[in-house]
Amino acid sequence: MNRIMKWIIGTGIVSIVIGLLFLLFTFNPGNWMMGNGAFMGERDGGMMHGNGGMGRGGIIELVASNEPNQPLPLPQRLKPDRVTDDALYYTVRAERGEHRFFDEGVSTETLGYNGSLLGPMIELPIEKTVYIKTINQLNEPTSFHWHGLVIPGSEDGGPHQLIDPGEQKQVRLDIDQQPATLWFHPHPMGATAEQVYLGLSGLLYVTDELQTGLPNTYGIDDIPLIVQDRLFTDDGQLDYDRQMNVDGTVGDTLIANGAINTTFDVTTDTLRVRLVNGSNARNLDFSLSNWEPFTQIATDGGLLDKPVALETLTLTPSERAEILIDFSEQALEDKITLQANGVSFTTFTLRERNRQDVDGINPFDEGPTSNNSSETDRRLTLFGMGNMVTIDGKRFDPDRIDIQVEQGTTEVWEIYNREDMMGGMTHPFHIHGVQFRILERDGNPPPANERGWKDTVAVAPDERVKIEVTFQEKGTFMYHCHILEHEENGMMGQLQVN
């Protein structure tokens, strides 16, 4: 028997053994656990570990950049095309462009909304109707998903609502939810991960005319930070095809609002920072360089019932939070850097002490909303890695409705992240068209900073999370893992609200 035949037979035997082991684990996972689950995704002390950087060639860690500091770019506030007593009209274009990330690098092809990279901040006043003309100027189909908005399925911008190159569509958004920091991004099946990676992300601010006393002057004491990790080629270009990882594409460089090593001049004692984890897959643990606490005041869908002091805040992909950073004890010219996973990416320098207007109602005066648990109405199981990811053992089928509910009903869902042979990953579980409350984590009440409105919840390996959700709008909605490559590989289902 020659060497080639021996190699073929040997390879076949190995493949059979691996297949049998996988089947055995599938039906009896507990006896085949590798380690204690800390390899990827274990929850410990309120911090979500794992999903930190599994690359195709191994771990990809974040590293501090030696790029020169540059002022933090702030997304432009989009001006309405027209305003009436009851409505606002906007235009948003998905465009191709170029952007240079590095001082000595070259420009790379990027995507953006109304520009070459990322997008504007769009204000959505409560109790108004907002019409947005969406235009696709790309050379491939896209969609415009309004992440976190409670709107009908027909306006949601999921994978069924593609806009072909050169085409446009007007959406109607009736705004009836709490003030919050939301965002928008594409959602075409098979292209979401790449389009987001190359720059398609923008901000949505649900706003209220009521003055709360919180910092709210955009670009002065109230700023957004869309934080993402990216991997660049040696000459500073993005190459998604080469860098893509089926278990979540990660990078070694942090960017804030599309820039590296950013700085912001603080001119007030308190700075409100709206954090968005816009990464494809990486969890981010935010902290200050002086390890002083900051105050979290809001979650994905609006203000918390009461502020929570934290030294570290973990956000998985698509989660948002609003925090207050106190500079009242700092001297002029003092610097504090904001870190993610221990790597500094934005430096704040106290330049002035201008008086802030603190008049207005206390937004935390109202009584807390109940997070009391109740009986489970529905159980979902997340499982797998890479190309073998499922919800309840099924991969996404655009022609299949997985869950049907009646409009106006409230259900309690239990989301279980079943471990796999490698220990598993934390899955950020997102539902379109709703805001929900977290009731339990493994039978325990959620941490204080998770008791606000959410549209995405992190579920660690072998963890069971209960949420309570009310279905206010009719239509077809997606629910899925917000690791974008997992979503594309089929970790997604469809919900029909009748």
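Me: What pLDDT does the protein chain average in this model, and what share of the residues score at least 70?
Reply: The chain averages a pLDDT of 88, and 86% of its residues score at least 70. Keep in mind that this is a predicted model. Residues 1-49 have a pLDDT below 50, although that stretch has 66 contacts in the model beyond near neighbours in sequence.

Me: What makes up the secondary structure of the protein chain?
Reply: Four helices and 35 strands. As for contacts with a separation of 6 or more, 75% of them are between residues 24 or more positions apart. Buried residues make up 55% of the 498 residues.

Me: Let's talk rings. How many aromatic pairs does a search of the whole structure find?
Reply: There are 15 aromatic pairs.

Me: Why is the pair of Phe101 and Phe232 called tilted?
Reply: Check the distance, then the angle. The ring centres are 4.9 Å apart, and the cut-off for a pair is within 6.5 Å, so the two rings count as a pair. Their planes are at 55°. Stacked needs under 30 degrees and edge-to-face needs over 60, so 55° leaves tilted.

Me: What makes Phe101 and Phe232 a link between distant parts of the chain?
Reply: They are 131 residues apart. Phe101 is in the loop between β7 (87-99) and β8 (108-113), while Phe232 is in the loop between β15 (222-230) and α3 (240-243). Both residues are buried.

Me: And why is the pair of Phe327 and Phe348 edge-to-face?
Reply: Their planes have 80° between them, and edge-to-face means over 60 degrees, so the name fits. Centre to centre, the rings are 6.3 Å apart, which is within the 6.5 Å cut-off. Phe327 lies in the loop between β23 (320-326) and β24 (335-340) and Phe348 in strand β25 (residues 343-350), so the pair ties together parts 21 residues apart in sequence.

Me: How do you know that Phe327 is buried?
Reply: Buried means under 20% relative accessible area. Phe327 has 0%, so it passes. Phe348 has 0% too, so Phe348 also counts as buried.

Me: Why is Asp285 counted as buried?
Reply: Same test! Asp285 has 15% relative accessibility, which is under 20%, so it counts as buried. Asp285 has its place in strand β19 (residues 284-288). In space it is 6.2 Å from Thr312, C-alpha to C-alpha, though the two are 27 residues apart in sequence.

Me: Which ring does the charged end of Arg464 sit over?
Reply: The ring of Tyr416, with the charged end 3.9 Å from the ring centre. The distance limit is 6 Å, so 3.9 Å satisfies that part of the test. Similarly, the charged end of Arg230 sits over the ring of Tyr197, 4.4 Å from its centre.

Me: Which residues touch the most other members of the largest nonpolar core?
Reply: Trp146, Leu149 and Leu173, out of 38 residues in that core. Among the elements that give two or more residues to this core are β9 (121-125), β12 (168-174) and α2 (192-197). The biggest share is from β7, with four residues.

Me: Where else does Trp146 turn up?
Reply: In a cluster with Tyr113, Phe144 and Phe184, linked by ring pairs. Leaving aside neighbours within four places in sequence, the contacts of Trp146 include Ile132, Val171, Trp183 and Leu204. Apart from the largest core lies another core of 32 residues, among them Leu62 and Phe294.

Key
Residues numbered from 1 in each chain as written. Predicted model: local features only at pLDDT ≥ 70, side-chain atom pairs only at ≥ 80, totals over all residues. Heavy atoms only, no water. Phe/Tyr/Trp six-rings, centres within 6.5 Å; stacked < 30°, edge-to-face > 60°. Buried < 20%, exposed > 50% of the residue type's maximum accessible area, 1.4 Å probe, protein only. Lys NZ or Arg CZ within 6 Å of the ring centre and 35° of its normal. Core = buried A, V, L, I, M, F, W, Y, C linked by side-chain atoms within 4.5 Å. Contact = heavy atoms within 4.5 Å. pLDDT = per-residue confidence, 0-100.
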